[in-house]
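Reader: I am new to this structure. Please take me through some of its strands and charged residues.

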Amino acid sequence: MSTKGILASGGTDETIRVFNLRKGTEIGSLVHHSGSITWLDFYNNSHLFSTSEDHKVCLWKTFSWECLRTFKGHKDAVNCIAVHPSGKLALTVGKDRALHTWNLVRGRSAYITNIKQAADIVLWSPDGTRFLIVFSNRIDIYKTETSSVYHSVSVDRRVNAAVFLRSNVIAYGGEGGDIVIYNIKDEKELQRISTDTVRVRHLTKVKTTDNDCPLVLLSASSCGHIKAFKVTFSQDSVSADLMASHDTKFRLTCMAATQIKMKTKVKREVGDVDIKAEDACDLDDSVEIKTEKTSDEEEEGEDSSEQDSGHEEDTSSDSSKEERSGKQSRSYLEFKRAKKLKRKMEAGEVGGGGKEEEKAQG
């Protein structure tokens, strides 16, 4: 799922379905693979990578949804793909017991490494200095510079999911229902969390803008439970505390989560700014503010244009300049009133305040 609210899903029907979560509509279906879809990964909201049991990896351009390139090289089903934070490299693993490194700049395979065992998951660290590969009951940590294993984590039960919380801290879970937070650098377990379920199917993290809760770890269990944990880091330790839990009442196999950035729309009505209370709390200088003319203003604009059409060219050019400057000044005043209204709502005051509007107009 991208941060722009685009969701892609795939399964055994060999089709990728794309949805717009903001509008609650389906955009369409992508039909290119000839096998079950095994992994989907957005990169930078501009591209979508897909892997399949047909031994292929596809690169899609978002919004146009054109398949830009098909990567071939695996001799069996491809299970997972991970794109380097720079966007120049990608790693893929599958049932052919091979780790493929792809040069995304040139669009071809860079080299192939025999890992001697079928791998399920491959992930890059946030800084790109290391990556991990998940096997059945083992996690191998690689250094990017040497492309060699420098640490392995042995697990008693099968690992179904893993995620980097930091460049040197990971979380993994699987059979048994426990989530383990592990420090790669110190090679020790930091915390073990019981989800009170039989099996953890997926783990993902979401970064927030809340200073009290900058990172949230989400888990999905096969029994249908979704749980959210507040992750807090200190100098030598990390803690994950349960924030919320939800029972979906159906079997879960995968989960995607992200923080969607929403745009606040401000509607102009006869010189006044009408802002909903729930939107005002998210209003800041970085938000794109769009204005719409009312029917009365449009009629006035049409009347003025009809009157000015009979004037000479010099007169029409002067009037158009005055209209443009007037509109710009009105937009600026409306933007200032919107900011004042936001500050009032944050302070707990009720109402828009007619005196403040009169001062702004003055």
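The questions and answers below concern a predicted model.

Reader: Is strand β9 largely enclosed or open, and how many of its residues are buried?

Author: Strand β9 covers residues 89-94. A residue counts as buried when its relative accessible area is under 20%. Strand β9 is largely enclosed by the rest of the structure, because the buried residues number 5 of the 6.

Reader: Which residue in β9 stands opposite Ala82?

Author: Strand β8 (residues 78-83) runs antiparallel to β9, and 5 bridges join them. The two strands form a hairpin with 5 residues between them, and Gly87 in the turn has a positive phi of about 80°. Opposite Ala82, in β9, stands Leu91.

Reader: What is the bridge partner of Thr92 in β10?

Author: Strand β10 (residues 98-103) pairs with β9 in the antiparallel sense, over 5 bridges. Their hairpin has 3 residues between the strands, and Arg97 there takes a positive phi near 60°. In β10, the partner of Thr92 is His100.

Reader: Which residue forms a salt bridge with Arg158?

Author: The closest N and O atoms of this pair are 3.2 Å apart, and a salt bridge requires them to be within 4 Å. The pair links distant parts of the chain, 38 residues apart: Arg158 is in the loop between β15 (148-154) and β16, and its partner is in the loop between β11 (108-114) and β12 (121-124). Arg158 is partly exposed at 37% relative accessibility. The partner is Asp120.

Reader: Where does Arg199 lie, and how far is it along the chain from Glu175?

Author: The side chains of Glu175 and Arg199 meet in a salt bridge of 2.8 Å, N to O. Glu175 lies in the loop between β17 (169-174) and β18 (178-183). Arg199 lies in the loop between β19 (188-194) and β20 (200-207), and the separation is 24 residues.

Reader: Is Val159 buried or exposed?

Author: Val159 lies in strand β16 (residues 159-166). Its C-alpha is 6.0 Å from that of Ser136, although the two are 23 residues apart in sequence. The relative accessible area of Val159 is 2%, and the cut-off for burial is under 20%. Therefore Val159 is buried.

Reader: Which residues form a negative surface patch with Glu53?

Author: Glu53 lies in the loop between β5 (47-52) and β6 (56-61). Its relative accessible area of 39% makes it partly exposed. The other members of the patch are Asp13, Glu14 and Asp76.

Definitions and conventions:
Residues are numbered from 1 along each chain as its sequence is written. This is a predicted model: local features need pLDDT of at least 70, side-chain atom pairs count only at pLDDT 80 or more; totals for chains, interfaces and linings use all residues. Side-chain values use heavy atoms; hydrogens and water are left out. Patches are made of residues with over 30% relative accessible area and no salt bridge: like charges are joined within 9 Å, nonpolar side chains (Val, Leu, Ile, Met, Phe, Trp, Tyr) within 5 Å. Accessible areas come from the Shrake-Rupley method with a 1.4 Å probe; for residues, only the protein chains shown count as cover. Lys and Arg count as positive and Asp and Glu as negative; His and the chain ends are not counted. The place of a charge is taken as NZ of Lys, CZ of Arg, CG of Asp or CD of Glu. Helices (H or I, at least four residues) and strands (E, at least two) are DSSP runs, numbered from the N terminus. Buried means under 20% relative accessible area, exposed over 50%, partly exposed in between (1.4 Å probe, protein chains only). Two strands pair if DSSP finds at least two bridges between them.
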